[in-house]
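Thanks for sharing this one. Here are my notes, arranged as numbered points so that you can follow along with the viewer open.

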Amino acid sequence: DYTARQGDEFINLMLEDVNGDGDPEILTTWSGGHLEILDVIGRSPQGAYGSLFQNAGRRIEQRHRPDGSLEFLITSRTYEETGTEPPTYETVPYVWDGHTFAEARAP
């Protein structure tokens, strides 16, 4: 059961195996103000559905990885600029680590 807050706009709903386990997950994307909102919903081994990953950013992109899973690239404001500088943004990749989608920053 999903409800939208005033100002939220539904963008997309997809069924796709995002973590490479052979079962499709539900991807929902929303727009709320200046943000895109992503929720990945999957089934637990017991059969109940729950959120595997929620995040938001200025822009969310998806990229297929060689193992069949999806990588999410989330671009967000860093808030590291000074008062006179324009906003700065950073793109962080998130990949499936076997349990959840975790940051995959380069070492």
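**Notes on the sheets and the aromatic pairs**

1. Let me start with Trp30, which counts as buried because its relative accessibility is 18% and the cut-off for buried is under 20%. Please keep in mind that this is a predicted model, so every value below is computed from predicted coordinates.

2. Which ring does Trp30 pair with? Its partner is Phe10, in an edge-to-face arrangement with 5.2 Å centre to centre and 75° between the planes. Phe10 lies in strand S1 and Trp30 in strand S2 (residues 25–32), so this pair ties together parts that are 20 residues apart in sequence. On the Phe10 side the ring belongs to a partly exposed residue, with a relative accessible area of 43%, whereas Trp30 is buried.

3. Both of those strands belong to an open sheet of four strands, ordered S1-S2-S3-S4 with antiparallel pairing. Its edges are strand S1 (8–16) and S4, each of which pairs on one side only. On average, neighbouring strands of this sheet are turned by 15° against each other, with direction ignored.

4. Within that sheet, strand S3 (residues 35–43) and strand S4 (residues 49–57) are worth a look: eight bridges join them in the antiparallel sense. Two positions help to fix the register: Leu38 has Asn55 as its bridge partner in S4, and Glu36 stands opposite Gly57 in S4. The hairpin of S3 and S4 has five residues between the strands, and there Gly47 takes a positive phi near 100°.

5. A further open sheet of four strands has the order S5-S6-S7-S8, again with antiparallel pairing. Strand S5 (59–64) and strand S8 (101–103) are its edge strands, each pairing on one side only. From one strand to the next, the twist averages 30°. S5 and strand S6 (residues 70–77) run antiparallel and are joined by six bridges, and Ile60 stands opposite Ile74 in S6.

6. What links a strand of one sheet to a strand of the other through aromatic rings? Look at Phe53 and Phe72, a stacked pair with 5.9 Å centre to centre and 20° between the planes. Phe53 lies in strand S4 and Phe72 in strand S6, so the pair ties together parts that are 19 residues apart in sequence. Are these residues buried or exposed? Phe53 is buried at 6% relative accessibility, and Phe72 is buried with a relative accessible area of 0%.

7. The stacked pair is also part of a wider group: Phe53, Phe72, Tyr94, Trp96 and Phe101 form one aromatic cluster. The count for the model comes to six aromatic pairs, among them the edge-to-face pair of Phe10 and Trp30 and the stacked pair of Phe53 and Phe72.

8. One last residue to click on is Thr75, which lies in strand S6. Thr75 is buried, with a relative accessible area of 8%. Leaving aside neighbours within four places in sequence, Thr75 is in contact with Gly57, Arg58 and Arg59, and also with Tyr89, Glu90 and Thr91. Gly57 is a residue you have already met, opposite Glu36 in the S3 and S4 pairing.

How values were computed
Residues are numbered from 1 along each chain as its sequence is written. This is a predicted model: local features need pLDDT of at least 70, side-chain atom pairs count only at pLDDT 80 or more; totals for chains, interfaces and linings use all residues. Side-chain values use heavy atoms; hydrogens and water are left out. Two strands pair if DSSP finds at least two bridges between them. Axes are lines fitted to C-alpha atoms, for helices over the stretch in contact, and angles run from 0 to 180 degrees between N-to-C directions. Rings of Phe, Tyr and Trp (its six-membered ring) pair if their centres lie within 6.5 Å; planes under 30 degrees apart count as stacked, over 60 as edge-to-face and the rest as tilted. Buried means under 20% relative accessible area, exposed over 50%, partly exposed in between (1.4 Å probe, protein chains only). Contact means heavy atoms within 4.5 Å.
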